[in-house]
Amino acid sequence: MNGFIGEFFGTLILILLGTGTGAGINLKKTYATGSNWAFVSIAWGMAVTMGVYVAGMLGSDGHLNPAVTIGFAAFGFFPWAQVMPYLAGQFLGAFVGAAIAIFQFYPHFKATPDEAAGNSVGIFATRPAIKNPFFNFVSEVVATWAFIFILLNMGDFTQGLKPFMVGILIMTIGMCLGSTTGFAINPARDWSPRLAYTILPVPNGGSAEWSYAWVPMFGPLLGGLLAAGLQAWIK
């Protein structure tokens with residue numbers, strides 16, 4: 001149960017802060033409107049750091065990401081018996097975090113009339129800079145592979161300053177590899193907020209673009225498996 005609780009609240013914090021970043025830079029009449037890619041990468045990195053701290057203190061390993069959980073389990077770095085509680089916590093926590101962000105920024109959604117003005121699913125989920133499904137998929141595989149391979153070589157990343165270093169890692173991935181697809185690198189981070197945008201009453205909301213959603217689901221999962229498989233082979 002601690003695994004579920006830790007992953008739920010850790011992922012909730014991650015997504016509340018991360019989608020709050022998306023809302024702040026895209027919606028009208030916020031102080032952050034128009035901020036740049038470095039701002040996005042740094043904010044998401046710190047969102048992960050805070051989520052990992054919360055998850056670790058509440059009894060989980062701070063995965064916050066199905067690609068981490070499944071990749072680790074597939075190659076013996078994590079017990080299969082805990083996979084389902086972790087996944088449930090991640091997807092549910094991400095949905096609740098996105099829902100809170102919708103409430104937080106409700107007046108700004110109302111002030112932003114349409115997608116052209118910045119009110120789009122991109123606040124909550126990822127979208128490619130150039131839509132090319134094959135290369136978008138490859139981008140997510142490569143970014144997630146790099147993220148999880150480095151993560152596997154950081155040891156216990158919930159202790160001491162390790163969560164901060166995980167945040168630095170996310171910033172690095174975002175700045176170096178994330179500008180092609182918005183670096184989902186995490187199915188829960190993309191699918192649950194996308195679902196929240198779809199079914200909750202977001203003022204002036206547009207298309208949730210589910211036709212693209214397979215990329216941030218399966219690209220990160222494959223990248224995580226490749227990273228964990230390589231780590232197991234090297235070890």
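The overall architecture of the chain and the surroundings of one residue, Gln90, are described here for a predicted model.

The secondary structure of the chain comprises 9 helices and 0 strands, and the order of elements along the sequence reads α-α-α-α-α-α-α-α-α. Along the principal axes, the C-alpha atoms occupy a box of roughly 55 × 35 × 30 Å. The radius of gyration is 17 Å, which agrees with the value near 18 Å expected for a compact globule of 235 residues. Of the contacts between residues at least 6 apart in sequence, 78% link residues at least 24 apart.

Buried residues account for 53% of the 235 residues in the chain. The exposed area amounts to about 10,200 Å², of which 71% is supplied by carbon and sulfur atoms. With respect to charge, the chain carries 9 positive and 8 negative side chains; the centres of these two sets are separated by 7 Å.

At the level of single residues, Gln90 was examined. Gln90 is located in helix 4, which spans residues 83-104. Its relative accessibility is 0%, and Gln90 is therefore classed as buried, the cut-off being under 20% relative accessible area. When residues up to four places away in sequence are left out, the contacts of Gln90 are with Glu7, Thr11, His63, Leu64, Asn65, Pro66, Thr69 and Ala188. The contacts of this buried residue thus include a run of neighbours from His63 to Pro66, together with Glu7 and Ala188.

Conventions
Residues numbered from 1 in each chain as written. Predicted model: local features only at pLDDT ≥ 70, side-chain atom pairs only at ≥ 80, totals over all residues. Heavy atoms only, no water. Helix = DSSP H or I, 4+ residues; strand = E, 2+ residues; numbered from the N terminus. Rg over C-alpha atoms; globule rule 2.2 N^0.38 Å. Buried < 20%, exposed > 50% of the residue type's maximum accessible area, 1.4 Å probe, protein only. Contact = heavy atoms within 4.5 Å. Areas by Shrake-Rupley, 256 points an atom, 1.4 Å probe, with all protein chains shown as cover. Lys, Arg positive; Asp, Glu negative; His and termini not counted. Charge placed at Lys NZ, Arg CZ, Asp CG, Glu CD.
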